[in-house]
Amino acid sequence: MIVVKAIDKIIYYFLVLLMAVMSILGVFQVVGRLVGIVPSWTEEAIRFLFIWASCVGAAIGIKAHIHIGIDVIVNLLPFVARKVVDNSDMLVKKTVWILGGDGWAYDIGFGGVDHVLAAGEDVNIMVFDTEVYSNTGGQASKASNIGQVAQFAAAGKGIAKKSLAEIAMSYGYVYVAQIAMGADQNQTLKAIKEAEAYNGPSLIIAYSPCEMHSIKGGMVNCQNEMKKAVACGYWDMFRFNPALKAEGKNPFTLDSKPATADYKEFILNEARYSSLTRSFPERANELFDKAAETAKAKREHLERLVALYAPKED
């Protein structure tokens with residue numbers, strides 16, 4: 001055992017020596033370039049020293065079951081100070097964020113999302129809502145909207161998208177927000193900060209234009225497209241913060257304003273909708289009218305929720 005410990009110590013200090021020599025040669029190279037004198041062997045030496053240091057360091061790390069790190073300075077600290085450094089991860093609040101797309105959250109992975117939210121743990125979920133299976137070829141999902149053309153919906157989707165936000169809100173103890181960064185960066189930041197501060201599960205649904213939308217002018221107009229989506233009532237922004245109930249405040253905040261732009265004009269700016277006017281023109285008119293009316297009804301419903309969640313006067 002004594003021999004093993006001695007060998008471990010020798011290997012440890014050998015690694016420190018390798019790192020020191022490699023650092024000195026690196027500094028020598030930098031200074032040498034400034035004065036025009038750089039021995040050709042230094043670069044090759046650094047390369048071999050790096051390989052040796054990586055292999056020896058990996059061996060030490062594997063044996064000790066730790067991540068590789070330079071702890072020479074830490075080991076020089078007093079015992080109590082070393083313990084503080086070793087447990088420094090306990091000095092800050094741990095945060096858990098789960099990131100995923102709408103196909104996962106609304107559709108094939110909805111059961112898992114619902115289970116996490118229902119568990120009541122302090123977990124944050126961010127859903128990037130592209131309203132289509134973006135990574136697998138553009139199939140329609142439960143997040144796809146009325147009139148949208150996608151795989152398995154070549155004639156335009158005929159039914160409305162799922163209201164994932166309201167499903168989560170129905171629990172009563174889940175923080176929920178719908179955001180669109182291009183429309184209101186302050187609201188986006190506020191929602192993320194509130195979700196992080198909330199002691200419980202949170203769900204943020206972010207409107208996320210993607211290449212599958214075929215926006216006129218390309219993805220360079222992504223942020224502006226979000227702004228247009230909110231302005232015409234295509235996408236609503238709101239926050240539901242259960243923590244406000246205890247303060248006697250309304251937990252539901254409708255952040256987006258009533259529509260000021262034309263709904264149909266907005267969707268026709270994207271080929272995922274406009275292509276339907278060429279393949280099925282009559283159906284396109286029918287579905288686009290239905291989509292506009294659905295968006296209007298959705299807005300009215302959200303406005304009623306503001307009144308519904310308002311604290312009752314004594």
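**Exercise 1. Helix 1 and its surroundings**

Task: Name an element that covers the buried residues of helix 1, then work out which residues these are and how the span of the helix compares with the expected one.

Solution: In this predicted model, helix 2, residues 41-64, is among the parts that cover the buried residues of helix 1. The buried residues themselves are Leu 15, Leu 18, Met 22, Leu 25, Gln 29 and Gly 32. To see a reason for such spacing, recall that an α-helix has 3.6 residues a turn, so residues three or four places apart point the same way. For the span, take helix 1 from residue 2 to residue 35, which gives 34 residues, and set the 49 Å between its first and last C-alpha beside the 50 Å expected at 1.5 Å a residue; the two values are close. Just after helix 1 comes Gly 36, whose phi is positive, at about 85°.

**Exercise 2. Following the strands**

Task: Starting from strand 1, trace which strands pair with strand 2, and find the bridge partners of Phe 128.

Solution: Begin with strand 1, residues 97-101, which runs parallel to strand 2 and is joined to it by 5 bridges. Within this pairing, Gly 101 has Phe 128 of strand 2 as its bridge partner. Next, strand 2 pairs with strand 4, residues 202-207, again in the parallel sense and over 6 bridges. Here Phe 128 is partnered by Ala 206 of strand 4. Phe 128 is thus a bridge partner of Gly 101 and also of Ala 206. Finally, strand 4 is joined by 5 bridges to strand 3, residues 175-179, and these two strands also run parallel; in this pairing Val 176 has Leu 203 of strand 4 as its bridge partner.

**Exercise 3. How covered are strands 2 and 4?**

Task: Decide how many residues of strand 2 and of strand 4 are buried, and say which residues lie on each face of strand 4.

Solution: Strand 2, residues 124-129, is mostly covered, with 5 of its 6 residues buried. In strand 4 the count is 6 of 6. To divide strand 4 into faces, remember that in a regular strand the side chains alternate between the two faces of the sheet. One side of strand 4 carries Ser 202, Ile 204 and Ala 206, the other carries Leu 203, Ile 205 and Tyr 207, and both faces are covered, since every one of these residues is buried.

**Exercise 4. Sorting residues by exposure**

Task: Place Pro 242, Ser 88, Phe 152, Ser 214 and Ile 51 in the classes buried, partly exposed or exposed, using the cut-offs of under 20% for buried and over 50% for exposed.

Solution: Pro 242 has a relative accessible area of 10% and is therefore buried. This residue sits in the loop between strand 5, 238-240, and strand 6, 252-254, and, apart from neighbours within four places in sequence, it is in contact with Gly 172, Tyr 173, Val 174, Tyr 175, Tyr 198 and Pro 251.

Phe 152, at 75%, is exposed; it lies in the loop between strand 2 and helix 7, 164-169, and although it is not a glycine, its phi is positive, near 75°.

Three residues remain. Ser 88, in the loop between helix 4, 79-86, and strand 1, is partly exposed because its relative accessibility is 38%. Ser 214, in the loop between strand 4 and helix 9, 222-231, is partly exposed at 39%, and it too has a positive phi, of about 50°, without being a glycine. Ile 51, which belongs to helix 2, is partly exposed at 42%.

**Exercise 5. The second largest pocket**

Task: Describe the second largest pocket by its volume, its lining and the kinds of residue found there.

Solution: The volume of the second largest pocket is about 300 Å³. Its lining is made up of 17 residues, and those nearest its centre are Asn 145, Lys 161, Tyr 234, Asp 236 and Lys 298. Sorted by kind, the lining holds 8 nonpolar, 5 polar and 4 charged residues. As a last step, ask which element gives the largest share of the lining: this is helix 12, residues 281-309, with 4 residues.

Key
Residues numbered from 1 in each chain as written. Predicted model: local features only at pLDDT ≥ 70, side-chain atom pairs only at ≥ 80, totals over all residues. Heavy atoms only, no water. 1 Å grid on protein atoms, 1.4 Å probe; cavity = no way out; pocket = protein on both sides within 12 Å on 5 of 7 lines; lining within 4 Å. Points joined across faces, edges and corners; volume = space filled by probe spheres on them. Nonpolar A, V, L, I, M, F, W, Y, C, P; charged D, E, K, R; others polar. Expected span 1.5 Å × (residues − 1). Buried < 20%, exposed > 50% of the residue type's maximum accessible area, 1.4 Å probe, protein only. Contact = heavy atoms within 4.5 Å. Pairing = 2+ DSSP bridges.
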